[in-house]
Amino acid sequence: MGREVPRLAPGQELQSGNSIDTATKRPEEMLISIVESGIEQVPPEFIRPPHERVSRLDSDSQGPHEQIPVIDLSMMDDEGAGKRQVLAEIVRACEDWGCFHLINHGVPALVMDAAMKATKGFFALPASEREKYRMTKIGGKGYGQAYGGQTKDWNDRLFLTDFSGEEEPKSERGAFFDLVLTNPPGAQEALETYGEAVYKLVQRTMVLVSEALGQSPEFLSTEIPLRFGTITNHYPPCPQPDLVLGLLPHEDGGIFTFLHQDEVLGLEVLKDERWVPVPPIEHAFIFMVADLLQIVGNDRFKSVTHRVLAGPIARTVMANFAVTGNDAVIQPAPELCSDLEPPAFRSVVYKDYLKMLLRDDIHAKRLEAFRLGL
Ligand SMILES: O=C(O)CCC(=O)C(=O)O
Ligand SMILES: [Fe+2]
């Protein structure tokens, strides 16, 4: 079956930005529609150069590997041994791995399930419905393939939050997220309830991470005022998964991330130069240290490098990001610097950092451009 280019609905206008295929002046076809047209081979723009390709067998072919740590938040008590243990586990996981599974975190399973169902419902809509939400600027709210570079990742994304670095007019925002999703019915309510619950967990985690760094509970939120946002990712089934990547190796650009994956394997994290698959644990979140925490924490916690493999089965993930205000200045916290440990990074304004991240193809170690003293 041939590939069809979706037509614009009557009255629907072409919009500027990355959504235009400049060669044809038609909107770029979204990956889900390409896959649904029944391809047997992946289109050339998704094919990675040979040195970037990975097979699902690669990570396992190197023999048994460690599993990422699991931290149980129900071990917490107010001030006692349970809390000390959880903080010690957070420190160890953030230093050794930059990530961990978090279980018993307080976000109700029903709320997580409803949000995942709403997300999957959006990606299952007919193309003409999905198109109504198309992203109009790189990193803005809406439906798109997010990065400004040449090579495409094997995914479609729905940004519930605008991460373009530019403010959204208030009148166009939903109650909690920037995006207002009227289809599928009930999706917006499920997502907003989820956003509020995950935001509470994120606030609690800002305190825990502050204390894990040996600082006061409000340390992180004073250093980098918290902003919260969510991007949902859908990786359609791929006929030739070994030729493409769901997401290239990268670190996240916020403070930290809470990933909520469905039951399909695909995520891998880099630990001691080795790629380790992260099998989903039902109703857990994967906590990931991201770049801003590595900067503010003066290199103590490492922003974890991760990638996503494509596969024969569709996979959906909700990525919840603790980020900061567009104008926030990010720098190593003076409390964590000393003569022995001078600032490891130069300061950067968050929106400038975001623009750098979104400009090119996604890639690893973008933070290194800000390292001092090399
Ligand atoms: O799909 C995943 O498991 C990871 C998503 C991710 O890394 C991201 O959205 O930054
Ligand atoms: Fe990521």
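1. Strand β10 (residues 267–271) and strand β11 (residues 274–277) run antiparallel and are joined by 4 bridges, where two strands count as paired if DSSP finds at least two bridges between them. In this predicted model, local features need pLDDT of at least 70 and side-chain atom pairs count only at pLDDT 80 or more, while totals for chains, interfaces and linings use all residues. Residues are numbered from 1 along each chain as its sequence is written, and chains are lettered from A and ligands numbered from 1 in the order in which they are written.

2. Staying with this hairpin, Lys-271 stands opposite Arg-274 of β11. The hairpin of β10 and β11 has 2 residues between its strands, and Asp-272 takes a positive phi near 50° there.

3. β10 and β11 also belong to an open sheet of 4 strands, in the order β8-β13-β10-β11, with antiparallel pairing. Its edge strands are β8 (247–250) and β11, each of which pairs on one side only, and the twist from one strand to the next averages 25°. Such angles run from 0 to 180 degrees between N-to-C directions, with axes fitted as lines to C-alpha atoms, for helices over the stretch in contact.

4. A second open sheet has 8 strands in the order β3-β4-β12-β9-β14-β7-β6-β5, and its pairing is mixed. Because β3 (70–72) and β5 (142–144) stand at the edges with a single partner strand each, one side of each is left without a neighbour in the sheet. Neighbouring strands here are turned by 25° against each other on average, direction ignored.

5. Within the sheet of 8 strands, strand β4 (residues 99–103) and strand β12 (residues 285–289) pair in the antiparallel sense over 4 bridges, and Cys-99 stands opposite Met-288 of β12. Helix α3 packs on this sheet and touches β3, β4 and β12, its direction making about 160° with that of β3; contact requires that the C-beta atoms of two residues, placed from the backbone, lie within 7 Å.

6. Which helix does α3 cross at roughly 80°? The axes of α3 (residues 81–96) and α6 (residues 187–212) come within 9 Å and cross at that angle. The two helices are therefore roughly perpendicular to each other (65 to 115 degrees counts as roughly perpendicular, under 35 as roughly parallel, over 145 as roughly antiparallel and the rest as oblique). Leu-87, Ile-90, Val-91 and Cys-94 of α3 meet Leu-208, Val-209, Glu-211 and Ala-212 of α6.

7. In helix α9 (residues 350–359), the buried residues are Tyr-350, Tyr-353, Leu-354, Leu-357 and Leu-358; buried means that 20 or more other C-beta atoms, placed from the backbone, lie within 10 Å of a residue's own, whereas 12 or fewer is exposed and anything in between partly exposed. They lie on the same side of α9, because they cover an arc of only 125° around the axis, the arc being that of the directions from the helix axis to the C-beta atoms. Their cover includes β14 (315–324), β15 (329–330) and β16 (348–349).

8. Overall, the protein has 9 helices and 16 strands, which are DSSP runs numbered from the N terminus (helices H or I, at least four residues; strands E, at least two). Of its 374 residues, 41% count as buried.
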